[in-house]
Amino acid sequence: MFGLTGPSGFSRFSTAEEVTHGIDGSGLTAIVTGASSGIGTETARVLALRGVHVVMAIRNMPAGREVKEAILKQNPTAKIDAMELDVSSIASVNSFVSDYKSSGLPLNILINNAGILAPPYMLSKDNMELQFATNHVGKDVMYNALSAYGQSKLANVLHANELARRLKNDGADITANSANPGAIPTNIFRHHSLFSGLASIFGRFVLKNVHQGAATTCYVALHPQVKGISGKYFSNCNLDATSSQANDAQLAEKLWNFTENLIKENHPGSC
């Protein structure tokens, strides 16, 4: 909370470049969703800086091309591509997966960064509450925007925990973790002028900048301290505790089964 250095040697003030300093990511391929702005862009930039082949999975392709050009201008040897993906649409997800498989690229790191915060109530193309469809996949029965956002973030942690459990049971050498970037004044506040105004006035005192906001994600993705760790929650580049709900294994399994059935109902054959 106060920026003290944790056991990892990093703190809330650490930047993505600092936590990955000296790490060679050559030979790795990463998908970063929502990489056309904010911490997604910074995550893509820093991973590419460390030699990772980055595939930006983005909805806004013109913006994505601009980001790619900016990264290549700064780092001409960067390996970076952009592919279209609207994470709120199951059809788009299926199309992206098919295209990615056809590309022949390996996948070493998947960073589910894309998200929205408290938009006006609306439905996705699959008739799900847009925020939950984007930030997870599911249906929310209480449509207060901020409440829905909190529930979608809880779903993210529960999903990662259940995925980690299933991977372990299958004997797969794959890890899954949750990373909390912290509060950053990016365009995620675009649906609420009050929050946006407060962030612009007081943000520099209490919020992280984009370079700090991408740090935890890049730390979990690349740092050798995290190797072999799965089903955990990280914030400020350190292991952190979560709520009792987020640690509820039965709730995690229930959410997984519910989401799987919801996807099957909307798009048979997707799961």
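What follows is a chat between two people about how to read a few features of this predicted model.

Colleague: Let's start with the strands. Which way do strand 2 and strand 3 pair, parallel or antiparallel?

Modeller: Parallel. Strand 2, residues 53-58, and strand 3, residues 80-84, are linked over five bridges. If you want one pair to click on, take Val-55, whose bridge partner in strand 3 is Asp-81. To get from strand 2 to strand 3 the chain goes through helix 3, residues 61-74, and this β-α-β crossover is right-handed.

Colleague: And how should I think about the side chains on a strand?

Modeller: In a regular strand they alternate between the two faces of the sheet.

Colleague: Okay. In what order do the strands of the open sheet come?

Modeller: The order is 5-6-7, three strands with mixed pairing. Strand 6, residues 233-235, and strand 7 run antiparallel and are joined by two bridges. Phe-234 is the residue that stands opposite Leu-239 in strand 7.

Colleague: Why is one side of strand 5 and of strand 7 left without a neighbour in the sheet?

Modeller: Because strand 5 (178-180) and strand 7 (238-239) stand at the edges, and each has a single partner strand.

Colleague: Now the inside. Which residues touch the most other members of the largest nonpolar core?

Modeller: That core has 33 residues, and the ones with the most fellow members touching them are Val-19, Ala-44, Leu-47, Val-54, Met-56, Ile-71 and Tyr-219. At least two core residues come from each of several elements, including helix 1 (16-19), strand 1 (29-33), helix 2 (38-49) and helix 9 (215-222). Strand 2 and helix 3, the ones from our crossover, are on that list too.

Colleague: Say I centre the view on Val-19. What is Val-19 in contact with, leaving aside its neighbours within four places in sequence?

Modeller: You'd find Phe-10, Ser-14, Ala-215, Cys-218, Tyr-219, His-223 and Cys-237. Apart from the largest core lies another one, of seven residues, with Ala-57, Met-83, Leu-85 and Phe-96 among them.

Colleague: On to charges. What's the general idea?

Modeller: Side chains of opposite charge can pair when their charged atoms come close. In this model the count comes to five salt bridges.

Colleague: Let's do helix 2. How many residues apart are Glu-42 and Arg-45?

Modeller: Three, which is about one turn of the helix. Their side chains meet in a salt bridge, 2.9 Å from N to O.

Colleague: Are those two buried or exposed?

Modeller: Use the cut-off: under 20% relative accessible area means buried. Glu-42 has 5%, so Glu-42 counts as buried. Arg-45 is at 14%, so Arg-45 counts as buried as well.

Colleague: Which arginines form salt bridges with Glu-162?

Modeller: Arg-165 and Arg-166. For Arg-165, the closest N and O atoms are 2.6 Å apart, while for Arg-166 the N to O figure is 2.7 Å. In helix 6, residues 145-169, Arg-165 is three residues from Glu-162, so about one helical turn separates them. Arg-166 is four residues from Glu-162 in helix 6, again about one helical turn.

Colleague: And how accessible is each of the three?

Modeller: Glu-162 has 2% relative accessibility and counts as buried. Arg-165 is partly exposed at 35%, and Arg-166 is partly exposed at 25%. There's also a network of salt bridges with shared partners, which joins Glu-17, Glu-42 and Arg-45.

How values were computed
Residues numbered from 1 in each chain as written. Predicted model: local features only at pLDDT ≥ 70, side-chain atom pairs only at ≥ 80, totals over all residues. Heavy atoms only, no water. Pairing = 2+ DSSP bridges. Right-handed = clockwise from strand over helix to strand, strands pointing away. Core = buried A, V, L, I, M, F, W, Y, C linked by side-chain atoms within 4.5 Å. Buried < 20%, exposed > 50% of the residue type's maximum accessible area, 1.4 Å probe, protein only. Contact = heavy atoms within 4.5 Å. Salt bridge = Lys/Arg side-chain N within 4 Å of Asp/Glu carboxyl O.
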